[in-house]
Amino acid sequence: MNGLNTVLIVLGLFLAGGVYSFQKQKMPKSVVVLLALGSAMCLAAGILRIQGLWA
């Protein structure tokens, strides 16, 4: 596991926490959806890099 994988996964988890926080604060739905998409993309990229499916 190299540094980029770690950064992507940590960033994805950080954004996932932001989604929860923003939803509890009743932020606009578009902001919550955008944050959720960013979180999912970071987590997916980190996992794909760990599995060696994405260079």
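I began with Leu43, which at 23% relative accessibility counts as partly exposed. The cut-off for buried is under 20%, so Leu43 at 23% does not count as buried. I note here that the model is predicted.

**Leu43, surroundings.** I looked up where Leu43 sits and found it in helix α2. I then listed its contacts, leaving aside neighbours within four places in sequence: Leu8, Ile9, Gly12 and Leu13. I also took one distance from Leu43, to Lys26. The two are 17 residues apart in sequence, and their C-alpha atoms lie 24 Å apart in space.

**Helix α2.** I turned to the helix itself. Helix α2 runs over residues 29-51, which makes 23 residues. From its first C-alpha to its last I read a reach of 33 Å, close to the 33 Å expected at 1.5 Å a residue. Just after α2 I checked Gly52, and its phi is positive, at about 80°.

**Buried side of α2.** Which residues of α2 are buried? I wrote down Val32, Leu35, Gly38, Ser39, Cys42, Ala45, Gly46 and Arg49. I next asked what covers these buried residues of α2. The cover includes α1, residues 3-24.

**Core.** I looked for the largest nonpolar core and found 5 residues in it: Leu15, Val19, Val32, Leu35 and Cys42. Both α1 and α2 supply at least two residues each to this core. Helix α2 gives the most, with 3 residues.

**Val32.** I picked Val32 from the core members and listed its contacts. Leaving aside neighbours within four places in sequence, Val32 touches Val19, Phe22, Gln23 and Met27. Of these I marked Val19, since it is on the core list as well.

**Whole chain.** I closed with the totals for the protein chain. I counted 2 helices and 0 strands. The C-alpha atoms fill a box of roughly 40 × 15 × 10 Å along the principal axes. The chain has 55 residues, and 27% of them count as buried. I read an exposed area of about 4000 Å², with carbon and sulfur atoms supplying 74% of it. For contacts between residues at least 6 apart in sequence, I noted that 60% join residues at least 24 apart.

Notes: Residues are numbered from 1 along each chain as its sequence is written. This is a predicted model: local features need pLDDT of at least 70, side-chain atom pairs count only at pLDDT 80 or more; totals for chains, interfaces and linings use all residues. Side-chain values use heavy atoms; hydrogens and water are left out. Helices (H or I, at least four residues) and strands (E, at least two) are DSSP runs, numbered from the N terminus. The expected span of a helix is 1.5 Å times one less than its number of residues. Buried means under 20% relative accessible area, exposed over 50%, partly exposed in between (1.4 Å probe, protein chains only). Contact means heavy atoms within 4.5 Å. A nonpolar core is a set of buried Ala, Val, Leu, Ile, Met, Phe, Trp, Tyr and Cys residues joined through side-chain atoms within 4.5 Å. Accessible areas come from the Shrake-Rupley method with a 1.4 Å probe; for residues, only the protein chains shown count as cover.
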